[in-house]
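What follows is a reading of one protein model, written for use beside the sequence and the coordinates. Helices, cores, aromatic pairs and unusual backbone geometry are taken up in turn.

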Amino acid sequence: MAEQMAKKLWGGRFEGGTDPLMWEFNQCLSYDKKLYAVDVDGSKAYALALSRTSPPILTAAELASIRTGLDQVKSEWESGTFVIKPDDEDIHTANERRLSEIIGGDIGGKLHTGRSRNDQVATDMRLWLIKEVGQDVEWLQGVVGILTVKAEEWIDHLAAGFTHLQRAQPIRFSHFLLAHAHSFAGDLDRLRNLIPRISTLPLGSGALAGNPFCVDRELLRSELGMHSVGGNSMQSVADRDFVAEYLFVCSLLMVHVSRLAEDLIIYSTSEFGWVMCGDAYSTGSSIMPQKKNPDALELLRGKSGRTMGQLSGFLTTLKGLPATYNKDLQESQEPMFDAAETVGKSLRILTGVISTLKIFPEKMAKSLTPDMLATDLAEYLVRKGIPFRETHHISGSCIRLSEQAGVPLSDLTLEQFQSVCPTFSADVKDVFNFETSVERRDAAGGTSRRAVLVQIEALRALLLKA
């Protein structure tokens with residue numbers, strides 16, 4: 001039993017064995033093996049730092065042996081030939097055990113000198129997440145990019161814009177797409193801004209008090225391509241704010257995914273009939289042959305709740321922890337991995353949905369009704385010198401008159417308009433043109449053709465930003 005415990009990185013102090021259920025409860029290799037590549041990268045950098053201490057912990061030959069051995073460990077993971085042993089508690093244990101098998105324990109056993117799994121796992125997670133955020137940025141750029149492509153392609157099509165789920169004012173359908181694109185642009189900015197805060201180096205902090213062999217942490221930072229060195233060893237090993245922040249950014253991003261999905265689900269109903277998802281992103285019913293369900297959109301809407309749940313759960317774990325490292329922090333990995341996987345798949349699915357989406361402009365046009373130009377009617381009178389607060393009341397009276405007469409607002413006679421306000425003249429009929437209405441909204445950010453094209457170019461410029 002003592003021999004079995006001695007095989008563990010921490011087993012020297014223990015005589016009794018571990019309850020098998022406790023072992024399973026405690027292990028994290030089943031999911032933290034995702035970190036195998038960055039764990040190797042961190043170990044190679046740390047080995048280099050150990051060869052530069054005074055006096056050197058590693059000779060040049062030992063450094064070369066360790067780095068060659070670590071390359072083989074990484075290659076075995078990549079090829080699927082790495083053999084996991086029963087005592088491999090986590091990725092750090094597994095990689096170090098295999099390294100010692102390859103090059104011998106007399107050299108491999110030196111690698112952990114001055115290093116703790118506390119600073120090791122914090123470094124691995126940050127390195128992994130930096131790459132993941134970079135991938136998220138690329139996928140999100142794809143979403144914004146396809147939205148601008150479709151906005152330009154469909155710029156001629158007008159549709160009803162909604163507030164309170166009630167028809168409000170005419171817009172270009174492109175303007176609707178770009179509204180969502182701008183929300184995603186905010187997510188893109190947040191993801192990019194995350195990188196410097198994730199890219200802070202914990203390695204060299206030891207368990208909590210710092211490294212006793214004075215490894216060159218600036219060398220470690222440079223080797224690993226990180227932005228800065230953690231300023232306090234206690235904070236560095238226990239800091240998971242970068243995970244919480246990533247989960248928040250993912251949650252807000254998925255809220256935006258969900259809201260676009262909800263709009264498209266509504267617009268795909270037979271009651272609207274504005275859009276239809278491609279066959280690749282739809283399913284049917286097991287009993288109703290006529291059904292074509294927008295399952296991709298519904299799953300995107302549902303996945304947002306999963307991501308928000310990861311954020312809420314992790315913050316609950318984090319809030320009561322004393323300084324510094326506590327085993328609870330192991331619970332930071334699965335939420336991070338799950339959120340990254342969910343967001344990555346969701347963004348790729350959403351890009352596919354938008355790229356294959358079919359629209360029905362004639363159905364959109366049928367959603368436009370004269371009463372939606374009531375604001376334009378008020379603005380017509382503003383241009384004739386009447387204050388808007390008064391013209392708002394006048395336009396409302398015209399709406400009431402049309403309802404009483406049982407005719408559309410545009411069908412009121414000039415005499416009927418003038419019975420409400422004598423300022424109306426024959427050109428009032430020019431108000432009832434939907435194209436004219438959207439073209440009047442020409443201020444920056446508006447729904448006119450020019451304003452929409454400006455938005456498209458601005459978003460495309462954002463995509464080129466490093």
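In this predicted model, the buried residues of helix α6 are Ile 91, His 92, Thr 93, Ala 94, Asn 95, Glu 96, Arg 97, Arg 98, Leu 99 and Ile 103, so that 10 of the 13 residues of the helix are buried and α6 is mostly covered. The cover over these buried residues includes α3 (29-32), α4 (36-50), α5 (60-79), α7 (105-108) and α8 (117-153). At the start of the helix, a side-chain oxygen of Asp 90 comes to within 3.1 Å of the backbone nitrogen of His 92, while α6 is followed by Gly 104, whose phi is positive, near 100°.

Helix α17 offers a second case: its buried residues are Thr 391, Ile 394, Ser 395, Ser 397, Cys 398, Ile 399, Leu 401 and Ser 402, and they pack against α16 (374-382) and α18 (414-420). This helix, too, is followed by a glycine with positive phi, in this case Gly 406, near 70°. For both helices the end-to-end distance can be set against the span expected at 1.5 Å a residue, and in both it agrees.

| Helix | Residues | Expected span | Distance between end C-alpha atoms |
|---|---|---|---|
| α6 | 91-103 (13 residues) | 18 Å | 18 Å |
| α17 | 388-405 (18 residues) | 26 Å | 25 Å |

Two single residues show how other helices are placed. Gln 333 belongs to helix α14 (residues 333-356) and counts as buried because its relative accessibility is 3%; leaving aside neighbours within four places in sequence, Gln 333 is in contact with Tyr 31, Asp 32, Leu 35, Val 121 and Met 125. Ala 37, in helix α4, has a relative accessible area of 19% and is therefore buried, the cut-off being under 20%. The C-alpha atom of Ala 37 is separated by 9.7 Å from that of Leu 70, a residue 33 places away along the chain.

Which residues have the most contacts inside the largest nonpolar core? They are Ile 66, Phe 173, Phe 184 and Tyr 246, in a core of 111 residues, to which helix α12 (residues 241-268) gives the most, with 16 residues. Not counting residues up to four places away in sequence, Phe 184 touches Leu 140, Val 143, Val 144, Leu 147, Leu 253, His 256, Val 257, Leu 260 and Leu 350. Apart from this core lies another, of 18 residues, among them Ala 374, Leu 381, Phe 417 and Val 431.

The structure holds 15 aromatic pairs. In one of them, the rings of Trp 128 and Phe 337 have centres 4.9 Å apart and planes at 85°, so the pair is edge-to-face; it links helix α8 to helix α14, across 209 residues of the chain, and both Trp 128 and Phe 337 are buried. The rings of Phe 162 and Tyr 267, by contrast, form a tilted pair, because their centres are 6.3 Å apart and their planes at 35°. Phe 162 lies in strand β1 (residues 158-163) and Tyr 267 in helix α12, so this pair ties together parts 105 residues apart in sequence. With a relative accessible area of 27%, Phe 162 is partly exposed, whereas Tyr 267, at 7%, is buried. Ring pairs also join Phe 162 and Tyr 267 with Trp 154, Phe 173, Phe 176, Phe 272 and Trp 274 into a cluster.

Some features of the backbone deserve a separate look, since most residues other than glycine have a negative phi, and most peptide bonds are trans. The peptide bond from Ser 54 to Pro 55 is cis, with omega near -5°, and Pro 55 sits in the loop between α4 and α5. A cis peptide bond also joins Ala 323 and Thr 324, with omega about 0°; Thr 324 is found in the loop between α13 (295-318) and α14. His 164, in the loop between β1 and β2 (166-172), has a positive phi near 55° and is exposed, with a relative accessible area of 76%. Cys 214, in the loop between β3 (200-201) and α10 (217-224), has a positive phi near 50° and counts as exposed at 66% relative accessibility.

As to confidence, the mean pLDDT of the protein is 95, and 96% of its residues reach 70 or more. Over residues 1-6, however, pLDDT stays under 50, and the model has 13 contacts for them beyond four places in sequence. Where pLDDT is low, the predicted coordinates should not be read in detail.

Technical notes. Residues numbered from 1 in each chain as written. Predicted model: local features only at pLDDT ≥ 70, side-chain atom pairs only at ≥ 80, totals over all residues. Heavy atoms only, no water. Helix = DSSP H or I, 4+ residues; strand = E, 2+ residues; numbered from the N terminus. Expected span 1.5 Å × (residues − 1). Buried < 20%, exposed > 50% of the residue type's maximum accessible area, 1.4 Å probe, protein only. Contact = heavy atoms within 4.5 Å. pLDDT = per-residue confidence, 0-100. Core = buried A, V, L, I, M, F, W, Y, C linked by side-chain atoms within 4.5 Å. Polar contact = N/O pair within 3.5 Å; in protein donor to acceptor, adjacent residues only side chain to side chain. Phe/Tyr/Trp six-rings, centres within 6.5 Å; stacked < 30°, edge-to-face > 60°.
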